[in-house]
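The exercises below are meant for a reader who is meeting this structure for the first time. Each one sets a task and then works through a solution step by step.

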Amino acid sequence: MSDPKVRFGTRCVHAGQSPEPVTGAITTPLFQTSTYVQDGLGRHRGYEYGRLQNPTREAAEANIAALEGARHGISFSSGLAAIECLVKTVAAGGHVVSEENTYGGTTRMFTQVLDRLGIEVTLVDTRDEAAVRAAVRPDTRLIHLETPSNPLMRIADIEVLARTAEAAGALLCVDNTFASPCNLNPLALGADVVVHSTTKYLSGHSDVLGGVVVLDDDALADELFFVRKSTGPVPGPFDSWLTLRGARTLHLRMERHNENGMRIAEFLESHPLVRRVHYPGLPSHPRHELARRQMTGFSGMVSAELDEADARRMAEGTRIIRLAESLGGVESMICIPSLMTHASVPEDARLRMGITNGLVRVSAGIEDAADLVEDIERALSHKDRI
Ligand SMILES: *Cc1c(COP(=O)(O)O)cnc(C)c1O
């Protein structure tokens, strides 16, 4: 059921899945197998080997593609594997323009690994559309955005940058991990490709690593499938099963993530020790109006600037909100990006963007908001100072 007319929540629950033909099992079975017995030489049932095909994986891919309103979903063993496959496929020997404030591992891959394959990357602040146009070259194949960006919650204007990409003859890719397809559908705004770390909101329970590339173009989807089968970064069947199980409740979880993100952002904005809060749902966000036009919710990701000592106290002092890398799980998490997720970004670049040691990032889970706010309040309160 990938009927585009049915609404988002119905797609979460049903897209890509039909009752299993032998028994009628209502959930997609876990096909934990590496290979398939063939009926005769050159005769098989569409399934040859696990690196090429797996029914559980295909169900998860069809589900996520439907959530983005796309024709194709191709999944990977991690979010970075998905981005790498896309960039290798479309930009080998060419040039990429990327948002400078991406997930730290994405920047590291662009600047320290893909350069070895002759792929050049120019990092820019993609809120500045003139800077993006200026960075484009005749051999630019891809413009890569992350919106909201990690961890500064920068909002890029997808519609405007889709026109820039088209004029440049390049593809526009949006890493939609932070917003999730529940809050933002980049393809509907003109993007060509969407990538997700399904490790985060899509699977949603902090129990699996995965990634997906989602797109409409049939020829590019075939190419990506070819490169994936030829290089091997496929997710295992059980990881695909867990991802599909998580995605079925995405709409319900995101409602609470959005609510809790807003509550934490409002609380932090009112706190005397907090200098600035980055959350696109707050009217104080410099691109709040654009975020409201482009997104239907603002997700659970919030960051805030404090003095370094206060930031450390908050990150180490919360008890319900766990000190951990990653995000998008049902449990709330807190981190200091400069020391954790973005430690691989050179210090001068980090500081120029505002990723200081006093910047704290919270991934609001789906607990009761009042407990989360009290947890932060307690951690920040001077009374508890040791
Ligand atoms: C986590 C993350 C990635 C990388 O995904 P992995 O599954 O950890 O490889 C890429 N982009 C964003 C925005 C992320 O949060």
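**Exercise 1. The enclosed space**

How do the residues of the lining of the largest cavity divide into nonpolar, polar and charged?

Solution. Keep in mind from the start that the model is predicted. Begin with the count, which comes to one cavity of 30 Å³ or more, and add that about 100 Å³ of space lies in the largest cavity. Next, look at the lining, which is made up of 15 residues, with S75, T198, G211, P235 and T243 lying nearest the centre of the cavity. Among the elements, α2, β1, β7 (211-215) and α9 (237-247) each give at least two residues to this lining. Sorting the lining residues by class then yields seven nonpolar, six polar and two charged.

**Exercise 2. The largest pocket**

Find which element gives the largest share of the lining of the largest pocket.

Solution. Start from the pocket itself, which has a volume of about 350 Å³ and is lined by 21 residues, those nearest its centre being A62, A65, R71, H72 and G73. The elements that contribute two or more residues to this lining are α2 (55-67), β1 (72-76) and α8 (218-231). Of these, α2 provides the largest share, with six residues. To complete the description, divide the lining by class, which gives nine nonpolar, five polar and seven charged residues.

**Exercise 3. The two domains and the second largest pocket**

Work out from which domains the lining of the second largest pocket draws at least three residues each.

Solution. First divide the protein chain, which consists of domain 1 (8-247) and domain 2 (251-380). The C-alpha centres of domain 1 and domain 2 are 25 Å apart, and 41 residues of domain 1 touch 41 residues of domain 2 when contacts are counted. Then turn to the second largest pocket, whose volume is about 310 Å³ and whose lining has 22 residues, with G79, L80, Y103, S197 and K200 lying nearest the centre. Both α3 (79-91) and β6 (193-197) supply at least two residues of that lining, which by class holds seven nonpolar, 10 polar and five charged residues. The answer is that domain 1 and domain 2 each provide at least three residues of the lining of the second largest pocket.

**Exercise 4. Two cysteines**

Explain why C173 forms no bond with the closest cysteine sulfur.

Solution. The starting point is that the structure holds zero disulfides. C85 is accordingly in no disulfide, and the nearest cysteine sulfur, that of C173, is 12 Å away. Because the sulfur of C173 is 12 Å from that of C85, its closest cysteine sulfur, the two are too far apart for a bond. As a last step, consider accessibility: C85 counts as buried because its relative accessibility is 1%, and C173 counts as buried because its value is 0%.

**Exercise 5. A glycine in a loop**

Decide whether G358 is buried or exposed, and describe its surroundings.

Solution. Locate G358 first, in the loop between α13 (347-353) and β12 (359-363). The relative accessibility of G358 is 5%, so G358 counts as buried. Then list the contacts of G358, leaving aside neighbours within four places in sequence, and the result is A304, E305, L306, D307, E308 and A311. Finally, set G358 beside I155, which is 203 residues away along the chain, and the separation of their C-alpha atoms comes to 21 Å.

Key: Residues numbered from 1 in each chain as written. Predicted model: local features only at pLDDT ≥ 70, side-chain atom pairs only at ≥ 80, totals over all residues. Heavy atoms only, no water. Disulfide = S-S within 2.5 Å. Buried < 20%, exposed > 50% of the residue type's maximum accessible area, 1.4 Å probe, protein only. 1 Å grid on protein atoms, 1.4 Å probe; cavity = no way out; pocket = protein on both sides within 12 Å on 5 of 7 lines; lining within 4 Å. Points joined across faces, edges and corners; volume = space filled by probe spheres on them. Helix = DSSP H or I, 4+ residues; strand = E, 2+ residues; numbered from the N terminus. Nonpolar A, V, L, I, M, F, W, Y, C, P; charged D, E, K, R; others polar. Domains from an automatic or database assignment. Contact = heavy atoms within 4.5 Å.
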